[in-house]
Amino acid sequence: MSSAAVEEAVPVNGAIPREQSFEYVLEVVNVRKEFPGVLALDDVMLKVRPGSVHALMGENGAGKSTLMKVIAGIYQPDRGEIKLRGEKITLETPLKAQESGIAMIHQELLLMNQMTVAENIWIRREPTNSFGFIDHSEMHKMTEELFERLNIQLDPEAEISTLSVANRQMVEIAKAVSFNSDVLIMDEPTSAITETEVAHLFEIIRSLREQGIGIVYITHKMNELFEIADEFSVFRDGKYIGTHASSNVTRDDIIQMMVGRSVDQMFPKEEVELGDVLLSVKNLTLDGVFHDVSFDVRAGEILGFAGLVGSGRSNVAEAIFGVTPADSGTVWISGEEVNIKNPNDAIRQGMAFLTEDRKETGCFLSLDIQENIQSAVLHENFVNNGGFVDQTKLNEESEELCRKLRVKTPNMEESIENLSGGNQQKVLIGRWLLTHPRILILDEPTRGIDVGAKSEIHTLVTQLAHKGVAVIMISSELPEVLGMSDRVLVMHEGHVTGILDRSEADQVSVMNLAAQ
């Protein structure tokens, strides 16, 4: 299939009850957006039909999020136009976009934790009584009616801080729908929820589609595109590549459109001659979290950690690295018992730990790329003959790592919060490579990043294994664990239920151990 820009007629599932005299509920025509040193959008286009789910695909940095912020009134385009319900519209602010019928659910949910569900949904639009005070009874009733329409089972009076991530997302969806929106933008809505919660979300999306709402769905997960989307558009390097019906393409077609090349092997695992045991964990226990965890990792080995959400995988990694020290058990490195009380102790022992949540526990969002990538370095590793930190050498190595990892940025002084998720992840990986670790723990290393960046990270992990680094890879994506690991350790409710060799590990055997 050619990756040239193509538009195909796409049948829309479901009846559309609203009367409409327009073919597209949303049209983006030749929109351009430039930031200092970066052309984020280069005359791009997007056309969304009413009553359809339109997936937006592309590598991190392709321009997806920038375009969504233009549509949501957060950014103003340098040129081009936006049409809503067939009419040209100017969206000066997010409030204007909402009032016009465009709502966006961000990947980082924007709710006020100390307020109730109902208060979050109707904030600044609260019903009032004859005395001008907020009518809480009416607001409760309005929320219940909205939830009934969406089949959401939540207490309108529950405080947001008490809700799970999935339930907070339901509140965001309900809030967006409460504006009587014609266009709903969802940015990576399934990145932090379980498969059961995803199924419920998809039920709601199908219901909204049947009500005539046009949904723009940003995702990196191919299976979701084929399950929920009617059509999709691909962006690459700020350019529009093409639009196709989801039923007319294969996974490989989409990957080639996204990255401009064929990604033949997503999991480039290679056989590596394993060395001695570098890391040995014996009977590690954190009361109430995990119990009696034991395993070894050899030089050059990739040990995958699998298990359902809440199994204790990340907690074990945090204990080993000294984030939350265990109550009992021992950690041995190269045959010697070590006492790791905090992350600095772990770094001095040659360990590195990429945490699962780059926003909360990874990036220093107020700092630039250079400061982020150098933040884990113990400066005694870069002391020159005069006894001073060799900042020039440190800067050179930082820049070289960014080039090697293909971080898309105009310069090292760019704030990390301005980077796409995938490029932020690459900077964090660079942070730990700069410490030259012997033991590397990766917790969800490819969560929320595109297929091209995933392939690059997998290749890098394989290269590190070749150099004798012992790698622990924790992932909720079972194909990733199976594709990259020499052995797979499986956990269930804080216990190790089995360790499988690569030759005997498959989805059935792992899931049997994970669901014991």
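This note goes through the domains, strands, helices and cysteines of a predicted model.

1. Domain layout. The protein is divided into domain 1, which covers 26-261, and domain 2, which covers 276-514. The contact between them takes 17 residues from domain 1 and 17 residues from domain 2. The C-alpha centres of the two domains lie 32 Å apart, and domain 1 and domain 2 bury about 1200 Å² between them, with 53% of that area on carbon and sulfur atoms.

2. Strand β9 and its partners. Strand β9, made of residues 231-236, is mostly covered, in that five of its six residues are buried. Strand β3 (residues 53-57) runs parallel to β9 and is joined to it by four bridges, and within this pairing L56 stands opposite S233 of β9. With strand β10 (residues 239-245), β9 pairs in the antiparallel sense over six bridges, and R236 has K239 in β10 as its bridge partner.

3. The turn between β9 and β10. These two strands form a hairpin with two residues between them. A reader checking backbone angles may wish to look at D237, which sits in the turn and has a positive phi of about 55°.

4. Strand β13. Six of the six residues of strand β13 (residues 302-307) are buried, so the strand is largely enclosed by the rest of the structure. The burial applies to both faces: I302, G304 and A306 point one way from β13, while L303, F305 and G307 point the other way, and all are buried.

5. Neighbours of β13. Strand β13 pairs in the parallel sense with strand β18 (residues 470-474) over four bridges, where the bridge partner of I302 is V471. Strand β13 also pairs in the parallel sense with strand β19 (residues 487-492), here over five bridges, and in β19 the bridge partner of F305 is L489.

6. Helix α14. The 13 residues of helix α14 (residues 421-433) should span 18 Å at 1.5 Å a residue, and the C-alpha atoms at the ends of the helix are 19 Å apart, which agrees with that expectation. As for its surroundings, 13 of the 13 residues of α14 are buried, so the helix is largely enclosed by the rest of the structure.

7. F147 in helix α4. F147 has its place in helix α4 (residues 136-150), and because its relative accessibility is 2%, against a cut-off of under 20%, F147 counts as buried. Leaving out residues up to four places away in sequence, F147 touches V117, I121, I152, L154 and A174. One of these, A174, is 27 residues from F147 in sequence, yet the two are 7.1 Å apart in space, taken C-alpha to C-alpha.

8. Cysteines. A disulfide is a covalent bond between the sulfur atoms of two cysteines. With a cut-off of 2.5 Å between the sulfur atoms, the count comes to zero disulfides. For C363, the closest cysteine sulfur is that of C402, at 12 Å, which is too far for a bond; for C402, the closest cysteine sulfur is in turn that of C363, again at 12 Å and too far for a bond. Both side chains deserve a remark on exposure: C363 counts as buried at 8% relative accessibility, and C402 counts as buried at 5%.

How values were computed: Residues numbered from 1 in each chain as written. Predicted model: local features only at pLDDT ≥ 70, side-chain atom pairs only at ≥ 80, totals over all residues. Heavy atoms only, no water. Expected span 1.5 Å × (residues − 1). Buried < 20%, exposed > 50% of the residue type's maximum accessible area, 1.4 Å probe, protein only. Pairing = 2+ DSSP bridges. Domains from an automatic or database assignment. Contact = heavy atoms within 4.5 Å. Buried area = accessible area lost by both parts, 1.4 Å probe.
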